[in-house]
Amino acid sequence: MVGVAQQRDRGLNVLRAGLCGIFAFAALSACRPVPDPELEVREQYIEKMIRAEDAGALWPLTSRSAVTFATGFSWLEFTQDQSLMWRWASKHAELRLRAPTAGRYHLHITGWGGGIAGFTQKVSVRVNGQMRKGFEGLYKYDADIEVGVSERPGTAFLVEFDCERSFTPPNDNRDLGFSINSLVWEPVP
Amino acid sequence: MKGQTDRRFAIGIGVSIVAATLVGLLVRNPPMIGMYAWGSCVAISLIGYGSLAARFAFPGKRLPLALLASVGAGALVALGSVVTATRVMRPWLGIALVLVGCACALPRLASTLENAWAKNARRLRYGRRLPFLALLTLVPLVLIGLAYTHGAVTIALNAYDDELAYMTFPKQMLETGSFADPFSLRRVAAYGGQPFLHALLLSNGELVHIGILDRGIFFSFALLHLRELTFENRRPPFIFTLAAMVVFIFLQNTSINMASHYSGIASFIALYRLLKLGEAEFVAADSWHKAARLAVPYALLATFLCTLRQNFVPTVALVFLAHILGTKVRAHGGRAFVLAVCTAVLGLAFLAGWIVQMRQSSGTALFPLQPGYLRPAFTMRSPTMTPGDEARFIWASLVWHEPFPGWPLALLAMPLSRVLRREHTIITFAAASMIGYVFLAHSFTLSSAENFARYSFPFVMATLFLAAFALASSGPAGRVIASRRATTTASPYVLGAIVGGALLLGQAREFLRLTYQNTVHLAFAGHWRPEVVGRYAHAQSVVPENASILVMVDEPYNFNYARNRIYNLDVPGALSPPPGLPFFGPVAEWKQYFATQGIRYITFIRPTQSRGNYVRPYWFRRFFHEDEIWRRHAPYYIYAFDALEELAKPSRILFEELGLVVIDLERE
């Protein structure tokens, strides 16, 4: 008799486990992802807003009254932990700046050249229409751009970059020349 | 003699309840005093309603107070289902419901006090020789008092949840009699059990203090559960109980708002205790109708848990399913079937009003399985996650689980213990909790792994505490210090608690400091931000009475819900009645949509002047947030900010002060 009871208990335990499993499976299945009909229009909206509002304004690589990433610069991009940020520039790009205080400054910029496409990028630089020493870079470059003497704080500069070549990376339809990863005013002693 | 003493105690308690009610009614300043007193009445009324249910299902038995409180909360929520569905809920009714509950609690409390008096008098006599031990027995009482006081004096309002939604719900119940908001995402997070109990507190108290329900009343009841827990008539050693209570009280509170947290823990522990008691009663019952009576407290407690959070529903359902199929109950075939059917039918009957209200408000009877008015973009399931990604996600969430990483893994280890294997109900809880956890994780993959652990905290923590107590009770009875065997088996849990406790020593100090500081501060504090209340009243006064208003503001609880129909756009775009609020197109579509919904007036806070959730740069940054959930929500917020500003330009601005704007869409 005990054996029969034990067998029955075992059978019912299996039934209990099975019912729990079916319940869990049904619940999990019912919670499957729902198709998102707004996905495309939302993505377009996000891109439009980021371009229009210049998300860079929120981050160190910024467009603001002192520094404006104007013609030819893409939106701000960064790694997930935001430890690295950059903006890609096209073959021709313009940067508008205002000097922070009176004095002599270098504009120190770092970034990437044409390494993704396998060539060394050569970039020529003009400040307010006057040619300055350019720079070149395969993966990383590091350049000081002499912007001259400013008479007073807020003097405006237009820095124009012209690349020798451009490239289109895979899965990206942008025509890219080089990137700016950091931009710092450095006073010249 | 005993009867006379009981009567004296009953009179004393009755006078105290009347005094506390009067304090709540009359002492409006400082409001903390009124809520401290009225909160006690609400707590007592829970016990009262629980006593009624217990008298019916367990005639002639004395159920523990903490268990009665959770069953009583279920009874009140079942009543709430009716009074809110029929739109008759009002402050006077809230006060009446509480006072009736208090009256029902009198006999039980009087006999408890009488017993405690007699027992402690003996202890104190004995304590003349060992005063330290005598005082030690009072420590649990002090801890429970401390927990209640902490809840009463803590105003921890979350600007994103409490101020935007959870504070509006009880106010809406009291002013309109019902609970509906088709535009609110938080409305569908639960059927409404917690907001209804908040409404009872608010019926004779101040809104900013309603957090006492979770952080005070149920925090204390959870501690009382720990004090009362017995396993097969064995208590764990007193020192263990005391240590567990200390750990529990200083455990990191992972709750970030006034939604269910401690009410969940207390009620899951209560569920275990009720099922154990019910099982014994069921086996001893000699007729099917005696067994069927058990369905009343079962269904009440299940109702309460199911109305606290939607994600509790599968865990509760699984626990009941396993219990009914359990060996002892199942062995009585026909009676077990009757019990199962009665519990299910009664549970659905108690929940019916809440289900109907959610269906009418948000188009869903069982959220999130039935999404209702929810926009597909706001579902919590990630559409891109593979099963492998999901397994890693669940693992990460288990490992990062707060307050103690990896604790849910202990649920998996429980069947390894011989002691726990004998405690079928705890193993059932462990299995149901684990499945509930996986279900929650599975439906929440859009979020970060560490973000949703707090939703599972109540059933995971309740099960872990139950297991630790069962292990600690496995030694010889009547010990103050645990036996060697019990110490060995309980040691992993105790070690975890001690390590956790040691890590949280700073938190304990902070807990005590805050309790003291808040008590001193609030004892002299007046009403909360009267100038803000006045601004909202002024803004609402420019809108004709009975007109519908869509609001997207920082403090919607300041509106008068009886004067106007208020639709709260707490999470823009998340929910909206069909055909759904259009996004990302021309703003004129919003105007057309609102016209079809009968909404002519909009009140919003300009995103440049919001002090809470509606700050534009805050949401703009979330375009780049590492959690997909925020990247999804952000464009809806940004669009809503811009759309409202756009709508305001051609519309007549009826009111504007400190960024709070009221516009009339039909006048230019």
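**Salt bridges, a surface patch and a small sheet**

B:Arg611 is partly exposed, its relative accessible area coming out at 40%. This value, like the rest here, comes from a predicted model. The side chain of B:Arg611 meets that of B:Glu163 in a salt bridge, with N and O 2.4 Å apart. The two ends sit in quite separate stretches of chain B: B:Glu163 belongs to helix H7 (residues 162–166), while B:Arg611 lies in the loop between strand S3 (599–605) and helix H27 (616–621), so the pair ties together parts that are 448 residues apart in sequence. On the helix side, B:Glu163 is buried, with just 4% relative accessible area.

That contact is part of a bigger tally, as the structure holds 23 salt bridges over all chains. Further along chain B, B:Asp664 and B:Arg667 pair up through their side chains, at 3.9 Å from N to O. Here B:Asp664 counts as buried, at 0% relative accessibility, whereas B:Arg667 is partly exposed at 35%. Both residues also take part in a network of salt bridges that links them with B:Arg600 and B:Glu666.

Chain A offers its own example. A:Glu94 forms a salt bridge with A:Arg96, and the closest N and O atoms are 3.6 Å apart. With a relative accessibility of 13%, A:Glu94 counts as buried, because the cut-off for that label is under 20%. Its partner A:Arg96, at 42%, counts as partly exposed.

Turning to the strands of chain A, three of them make up an open sheet in the order S2-S3-S10, with antiparallel pairing. Strand S2 (73–78) and strand S10 (178–180) are the edge strands, each pairing on one side only. From one strand to the next, the twist averages 30°. Within this sheet, S2 of chain A and strand S3 (residues 85–89) of chain A run antiparallel and are joined over four bridges. One residue pair can be picked out: A:Phe78 has A:Met85 in S3 of chain A as its bridge partner.

Back on chain B, the surface carries a nonpolar patch made up of B:Val18, B:Leu22, B:Leu25 and B:Leu26. Together these side chains account for about 370 Å² of accessible area. B:Val18 has its place in helix H1 (residues 2–26) of chain B. With a relative accessible area of 49%, B:Val18 is partly exposed; it falls short of the exposed class because that label calls for over 50%.

Note on methods:
Residues are numbered from 1 along each chain as its sequence is written. Chains are lettered from A and ligands numbered from 1 in the order in which they are written. This is a predicted model: local features need pLDDT of at least 70, side-chain atom pairs count only at pLDDT 80 or more; totals for chains, interfaces and linings use all residues. Side-chain values use heavy atoms; hydrogens and water are left out. Patches are made of residues with over 30% relative accessible area and no salt bridge: like charges are joined within 9 Å, nonpolar side chains (Val, Leu, Ile, Met, Phe, Trp, Tyr) within 5 Å. Accessible areas come from the Shrake-Rupley method with a 1.4 Å probe; for residues, only the protein chains shown count as cover. A salt bridge is a side-chain nitrogen of Lys or Arg within 4 Å of a carboxyl oxygen of Asp or Glu. Buried means under 20% relative accessible area, exposed over 50%, partly exposed in between (1.4 Å probe, protein chains only). Two strands pair if DSSP finds at least two bridges between them. Axes are lines fitted to C-alpha atoms, for helices over the stretch in contact, and angles run from 0 to 180 degrees between N-to-C directions.
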